[in-house]
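Me: Hi! I'm new to this one and would love a hand finding my way around. Can I paste it here?

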Amino acid sequence: MEGLAMLRQLIGQLQELLQFYHSHPPPPPPPPAHHQLPLTLASAHQRWCFKDIDDNSADDFYGLVIAAGRSGNCRMTEACVLPPVKKPRKERNRGKLSGSAAATEAMDEEIWKDFPEDLFEAVIARLPIATFFRFRAVCQRWNSLLNSETYALYRAQVPQTTPWFYTITHDMVSSGAIYDPSSNKWYHPSISSQPVRLLVQPVASAGGLVCLLDFSHKNFFVCNPLTRSFKELPARSVEVWSRVAVGMTLNGSSASGGYKILCLGCDGEYEVYDSIENSWTHPRSMPSTIKLPLTLKHRSQAVSIDNFVYFMRSDPEGIMSYNMVTGIWNEFIVPSPRHLTDHTLADFGGRLMLVGLLTKNAATCVCIWELQKMTLLWKEVDRMPNIWCLEFYGKHVRMNCLGNKGLLMLSLRSRQMNRLVTYDVTSKEWLKVPVLPRGRKRQWITCGTAFYPCPTAVA
C-alpha cells in the first residue's frame, strides 16, 4: 500500500507538471538530486508506459512516455511522438535550392545597381566560352557585350588555353561541326551569310578566325564559327591553281589589328591577302635556290608561329618558311623518319612537331616527333599507347591531323573502324573523342583545323 501511495503521489506531480508545461515553454533544468525514483531500469534506453492507476478508470492509459537515460534521470515527451525521419535526397536538395533562391531574391537592388560596369565586363570576359554564350540569352545588355570595346580589351588579356576544332564531315554541305575539348561536346553552327550549296574546307586559322577555301580553289572566305561573322575575300589576281597550301597570321596580338593569308601553289607562285587593304598582292618570285616545282604535303596544314608560316615539302624532303612581314623565303632540308605515312606538321610553344603513322609489316602506330634546331633532325618524343595500336594491326589505316596548336585531333579511319583521338603535347595525354553521330551512321571527318575561340573576333 505504501508503494501504491507513493506511485499515486508521483503521478499527481506529473499531472501538475504537465499542466504547467502546457501553459509555459518547458525549461531544461536537470531534475533535483533529492528526488530519486524507487525504480530500477533494465537498460539505458528502456521506455515505460504508465497506466492512470485510478479505481474508477483502471483500463485507461495516461498519455505520457517516460524515457530513462543512462544517469537514471527521466525525460518527458508527449505521447505518440515518433523520432525524426530522414528526408529523401530529392526533398533535401529541393530545400537547398529554395533556400538559395530565397538568398538570391534577397540581394539588395540598391547595392547591385551601382556595381562598376568595367569590373562586370572584366568578370564576364574570364568566363568559359560556352558559359558566356549561355549568359548572352539573359538580357539585351549581356548580348551586346560582343560589340563592347572594353569587353574586347578584357577578353584579349585572358590567356589562350585550349583550342577548339572546326571540322567538316564527308556529307556535310555548307556546315561544319565544332568540338570543345574542355566540355567534350560537339556543336553544329550555321553561318547565315554563307551560300547555301557552297562546299568549303577549313585550311587555316588565326585569332579566333577560320579561313575557308572552296573545293575549286577559287574562292576564299573568313569566318568566326562562334558568332557567324562571315566575309568573302576578293578574287585573286592570278589564275586558279589546282593544288595550294594556305597559311594565316595576325598583324598584332588579336584579329582587331588585321590578318594576312598566304596562298602558295606548286609552281612557286604565291599571293598574300591583307585584311587592312582588303586586297591580294603578288610580292615577288620565289628565290632561285628553292627547287621547283614544289611537291607540297597537302595533307599537312601550314603551321603559323609569330610572323612565320611553315610548309612541308618532299623531293627534297624538308620544311619551307615564309616571313609575312619581310617577305623572305627559307628552305631547310629535314629528312623524314622511315616507314612514315600521313605525316603533318604541328607546333607547340614555338617548336615544330611532326605527327604521323609509323607502319612496319602489319603493325601501325601514331608517333610524335620534335625538330632539333641544332641538327635539323626529328627526335621521337612520344607514341600512342600499345594497347590502342593493337586495334590497327593488319588494317589499312589513314590519318588526318586536324589541329596544330599544342592540342592535336587525329582522325583515324579504315574499313573496319572510325576513331577520333586527341593528344595533349604538354601533358602527353591521349584521349578518345566521341565520333560525330548522324542517324544510324557515324560520320568520318574529311578536314578541319584548330582555332582559339574568340567571341569578339570579326571577319
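Me: Which residues does Val366 touch, not counting residues up to four places away in sequence?
Reply: Happy to help! This is a predicted model. In it, Val366 touches Val355, Gly356, Leu357, Arg383, Met384, Cys389, Phe392, Met399, Leu410, Leu412 and Trp430, leaving aside residues up to four places away in sequence.

Me: And which residues touch the most other members in the largest nonpolar core?
Reply: That core has 23 residues, and Val355, Val366, Met384, Leu408, Leu410, Leu412 and Trp430 touch the most other members. Among the elements giving two or more residues to this core are strand 21 (351–360), strand 22 (363–372), helix 8 (386–389) and strand 25 (407–413).

Me: What does the second, separate core include?
Reply: The second core has 22 residues, including Val203, Phe220, Tyr259 and Tyr273.

Me: Switching to rings: how many aromatic pairs are there in the whole structure?
Reply: A search turns up 13 aromatic pairs. One of them is Phe221 with Phe230, a stacked pair at 5.4 Å centre to centre with 25° between the planes. Phe221 and Phe230 are both buried.

Me: Why is the pair of Tyr273 and Trp280 tilted?
Reply: Their ring planes are at 50°, so the pair counts as tilted; stacked would need under 30 degrees and edge-to-face over 60. The ring centres are 5.5 Å apart.

Me: Which residues do ring pairs link into a cluster?
Reply: Phe220, Tyr259, Tyr273 and Trp280 are linked that way.

Me: Last one: what lies over the face of Trp388?
Reply: That's Lys432, at 5.0 Å from the ring centre.

Technical notes:
Residues numbered from 1 in each chain as written. Predicted model: local features only at pLDDT ≥ 70, side-chain atom pairs only at ≥ 80, totals over all residues. Heavy atoms only, no water. Phe/Tyr/Trp six-rings, centres within 6.5 Å; stacked < 30°, edge-to-face > 60°. Buried < 20%, exposed > 50% of the residue type's maximum accessible area, 1.4 Å probe, protein only. Lys NZ or Arg CZ within 6 Å of the ring centre and 35° of its normal. Core = buried A, V, L, I, M, F, W, Y, C linked by side-chain atoms within 4.5 Å. Helix = DSSP H or I, 4+ residues; strand = E, 2+ residues; numbered from the N terminus. Contact = heavy atoms within 4.5 Å.
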